[in-house]
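Subject: Structure for you to take over

Hello,

I am passing this structure on to you, with my notes below it. Please look through the model first and then read on.

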Amino acid sequence: MTSPHEPGPKSASPSPLELPLRRLRLAELPLDTEELARFLIGAVIVSDGPGGRIAARLVETEAYLPGDEAAHSFRGETARNATLFRRRGLAYVYFIYGNHFCLNVSSGPEGVGAGVLLRAAEPLDGIAAMEARRNGAAVRDLCRGPGRLAAAFGITRAQDGIDLCAPGPLWLAAPLRPAEAPGTSVRIGLTRAADRELRFYERGSPYVSGPAALSS
DNA sequence: TCACTGATCGTCT
DNA sequence: GACGATCAGTGAG
């Protein structure tokens with residue numbers, strides 16, 4: 001790791017930003033999982049914890065559909081993926097590779113396993129808190145990847161099942177500005193159903209994860 | 001910038 | 001007992 005120090009916004013600026021965040025209502029979320037994944041690009045994920053507010057603008061998502069071989073729900077409901085089979089708008093959090101948590105939004109009606117993986121986001125507020133949780137990573141890298149995003153927000157299985165459209169510690173807010181030039185690609189890190197174009201991202205955003213060839 | 005590897009452990013077969 | 005919706009570190013081009 002010999003990269004030069006970035007002149008990014010690393011200075012201590014703990015003053016609250018007073019972002020005009022409006023909680024998304026469940027009725028605003030598209031019923032279709034793929035549409036929801038597109039819709040969430042530009043939306044804001046917000047955590048209100050004891051350490052203050054953390055907020056980040058979503059720039060990358062992936063859709064996991066019913067009957068999708070790559071989806072955790074494909075082999076039926078288990079204790080681990082039960083939230084995916086509940087109603088839409090809930091946080092589905094799972095533990096992966098022995099190291100990381102990933103955050104999804106459940107998207108199906110009761111009994112149908114579907115969801116949207118939140119893969120990457122642009123930090124907006126609570127950057128100091130995110131840096132502390134991410135061991136001082138560069139701002140660009142704080143939420144660039146699903147495991148990193150969850151780590152920056154302090155998300156664990158304890159957040160599984162939280163209603164993201166209701167007052168609470170973790171919620172979704174309407175976009176502050178519309179997403180620019182949304183792009184699509186195949187999903188990342190899969191061995192099954194790896195050819196389906198169900199990844200959505202904001203073209204040109206430096207906060208998007210994955211190889212550059214998938215985000216052009 | 002990309003390719004490769006080890007870490008690490010819950011979940012399911 | 002094997003695998004996995006990942007990440008950080010390393011080395012090559």
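What follows covers the two DNA strands and then the largest pocket. Please keep in mind that this is a predicted model.

DNA strand B

Eight residues can be listed around this strand by name: Arg75, Thr78, Arg80, Phe95, Tyr97, Gly98, Asn99 and Ala212 surround DNA strand B. Of the atoms of DNA strand B that come within 4 Å of the protein, 75% are accounted for by sugar and phosphate. Thr78 is placed at the backbone of the DNA: an N or O atom in its side chain is 2.3 Å from a phosphate oxygen of DNA strand B. Tyr97 and Asn99 are placed at bases instead. A polar backbone atom of Tyr97 is 2.3 Å from a base oxygen of DNA strand B, and an N or O atom in the side chain of Asn99 is 3.0 Å from a base oxygen of that strand. By class, the surface near DNA strand B has three nonpolar, three polar and two charged residues.

DNA strand C

DNA strand C is surrounded by 21 residues, and the closest are Tyr94, His100, Asn104, Arg134 and Arg148. Here sugar or phosphate makes up 49% of the strand's atoms within 4 Å of the protein, and the rest belong to bases. On the base side, a polar backbone atom of Ala70 is 3.3 Å from a base nitrogen of DNA strand C. On the phosphate side there are two side chains to look at. An N or O atom of the His72 side chain is 2.9 Å from a phosphate oxygen of DNA strand C, and for the side chain of Arg119 the corresponding distance to a phosphate oxygen is 3.2 Å. Strand 3, strand 4, strand 5 and helix 3 each give two or more residues to the surface near DNA strand C. Helix 3 has the largest share, with three residues. The classes in this surface are 10 nonpolar, eight polar and three charged residues.

Largest pocket

The volume of the largest pocket is about 750 Å³. It is lined by 34 residues, of which His72, Tyr94, Ile96, Gly189 and Leu190 are the closest to its centre. At least two lining residues come from each of strand 2 (52-64), strand 3 (91-96), strand 4 (100-106), strand 5 (115-125) and helix 3 (146-152). The lining divides into 15 nonpolar, 11 polar and eight charged residues.

Regards

Methods:
Residues are numbered from 1 along each chain as its sequence is written. Chains are lettered from A and ligands numbered from 1 in the order in which they are written. This is a predicted model: local features need pLDDT of at least 70, side-chain atom pairs count only at pLDDT 80 or more; totals for chains, interfaces and linings use all residues. Side-chain values use heavy atoms; hydrogens and water are left out. On a 1 Å grid over the protein atoms alone, a cavity is a set of points where a 1.4 Å probe fits but cannot get out, and a pocket is an open set with protein on both sides within 12 Å along at least five of seven lines; lining residues have an atom within 4 Å of a point. Grid points are joined across faces, edges and corners, and a volume is the space filled by probe spheres set on the points. Helices (H or I, at least four residues) and strands (E, at least two) are DSSP runs, numbered from the N terminus. Ala, Val, Leu, Ile, Met, Phe, Trp, Tyr, Cys and Pro count as nonpolar, Asp, Glu, Lys and Arg as charged, and the others, Gly among them, as polar. A residue is near a molecule or strand if one of its heavy atoms lies within 4 Å of it. A polar contact is a pair of N or O atoms within 3.5 Å; within protein, one must be able to donate a hydrogen and the other to accept it, and residues adjacent in sequence count only if both atoms are side-chain atoms.
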